[in-house]
Amino acid sequence: MELHRLTQHVYYSDSVSCGDRPVLGLVAGREATLAVDCGNSPAHAAWLLEQAAGLGLPPVRWACITHWHWDHVMGGPTLQAAGASILCGRRTAGQLRALEGLEWTTEAMESRIADGLEIPFCRDTIREEYPGEDRRLIPPRPQLILDGPGELDLGGVTVRLLPHAADHSMDGVLVHIPEDRAVFLGDSSYLNMYVSPWHYTAEKLLPLLDTLEGLAADWYLPAHHDKMLDGPAFREFAARQRLLCRLAGEDTVPGAALRRLEDHLGRAPSQEEREELMAFIRGNLVKTR
């Protein structure tokens, strides 16, 4: 795991599949530094603080949570103990309160999975990051709650905080640094994993893509990619998703939509292309329930 400098003010970490550690960000101005997400554990957050100190950055005074999922929040108390104030959207704050009452033994997680309140993927990655059975995953209590867009001046650099619903989580916040033409996506561009089967919906994904393409950005940083996306790569991703959404239409079975995709491509779709199309068909199916 390394910390990389992207622009004059923006740094980002590698994502790590073991333990599902997401990309964390630092935005450093003359007077203060903002952390983007809190990490999945005290150890993850402590690593980020060590990196900031080693670079001689201004103190980490703020940390913005992009959404409520455990891997983005459980390092929050460590950042708060170091002097950072946590901010998040209103929906995120409500989810964090709900997390406070949970137990994290394997038995407790299995019970939530059986009730449809947790997913096996989270159970497995939590056990990787917290191998003992006496797990204490403590979410932060945010000091500042966003009811709409917000803005921070870190000294010579501005951070725009943009709440935006997404399939992956309804409480998402985009972190845009206009001077550096960069935006942290959190998990906003990913599938809905909590409602089976995993899926996209046009109603949530297309407005998100419109918003992201409307920002002044040359760099897009999703939280679980091996590398960031530059502007052309993100626009290619967005165009492909719009095409697949159009080809899926309102179909809830794949036959006709797959034929439309084959006609568009002039060849048989690859397995990856079929799966990308199926994400929208599954979304249509979920909406009929």
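With 289 residues, the protein chain would be expected to have a radius of gyration near 19 Å if it were a compact globule, and its value of 19 Å agrees. That radius is taken over C-alpha atoms, and the globule rule is 2.2 Å times the number of residues to the power 0.38. This is a predicted model, in which local features need pLDDT of at least 70 and side-chain atom pairs count only at pLDDT 80 or more, while totals for chains, interfaces and linings use all residues. Residues are numbered from 1 along each chain as its sequence is written, and side-chain values use heavy atoms, with hydrogens and water left out.

Along the principal axes, the C-alpha atoms fill a box of roughly 55 × 45 × 35 Å. The chain has 10 helices and 13 strands; these are DSSP runs numbered from the N terminus, with helices being H or I of at least four residues and strands E of at least two. Of the 289 residues, 54% count as buried, where buried means under 20% relative accessible area, exposed over 50% and partly exposed in between (1.4 Å probe, protein chains only). The accessible surface comes to about 12900 Å², and 51% of it belongs to carbon and sulfur atoms; areas come from the Shrake-Rupley method with a 1.4 Å probe, and for residues only the protein chains shown count as cover. Take the contacts (heavy atoms within 4.5 Å) between residues at least 6 apart in sequence: 63% of them join residues at least 24 apart.

**Rings**

The structure holds 5 aromatic pairs. One of them, Tyr220 with Phe234, is stacked, at 4.0 Å centre to centre and 10° between the planes. Tyr220 sits in strand β12 (residues 219–222) and Phe234 in helix α8 (residues 231–248), so this pair ties together parts that are 14 residues apart in sequence. For the bookkeeping, rings of Phe, Tyr and Trp (its six-membered ring) pair if their centres lie within 6.5 Å; planes under 30 degrees apart count as stacked, over 60 as edge-to-face and the rest as tilted. Tyr220 is buried at 1% relative accessible area, and Phe234 is also buried, at 1%. Phe237 joins Tyr220 and Phe234 in one aromatic cluster.

Elsewhere, Arg112 lies over the face of Trp104, 4.7 Å from the ring centre. To count, NZ of Lys or CZ of Arg has to be within 6 Å of the ring centre and within 35 degrees of the ring normal.

**Helix α10 and its surroundings**

Helix α10 (residues 271–287) has 17 residues and reaches 24 Å from its first C-alpha to its last, close to the 24 Å expected at 1.5 Å a residue. The expected span is 1.5 Å times one less than the number of residues. Its buried residues include Leu277, Phe280, Ile281 and Val286, and their cover includes α7 (202–214), α8 and α9 (255–265).

Just ahead of α10, Pro269 is in the loop between α9 and α10. Pro269 is buried at 16% and, leaving aside neighbours within four places in sequence, is in contact with Leu258, Leu261, Glu262 and Arg274. In the loop between α8 and α9 we find Val253, which is exposed at 56%. Val253 and Ile281 are 28 residues apart in sequence, with 6.6 Å from C-alpha to C-alpha.

**Tyr12**

Tyr12 is found in strand β2 (residues 10–13) and is buried at 11%. Not counting residues up to four places away in sequence, Tyr12 touches, among others, Val23, Phe184, Leu221 and Met228. The C-alpha atoms of Tyr12 and Val23 are separated by 6.5 Å, with their positions 11 residues apart along the chain.

**Backbone oddities**

Most residues other than glycine have a negative phi, and most peptide bonds are trans. Here are the ones to look at.

| Residue | Backbone value | Place |
|---|---|---|
| Asp37 | phi about 70° | loop between β4 (33–36) and α1 (42–54) |
| Arg181 | phi near 50° | loop between β10 (173–177) and β11 |
| Pro197 | omega near -5° from Ser196, cis | loop between β11 (182–186) and α7 |

Asp37 is buried, with a relative accessible area of 1%, whereas Arg181 counts as partly exposed at 35%.
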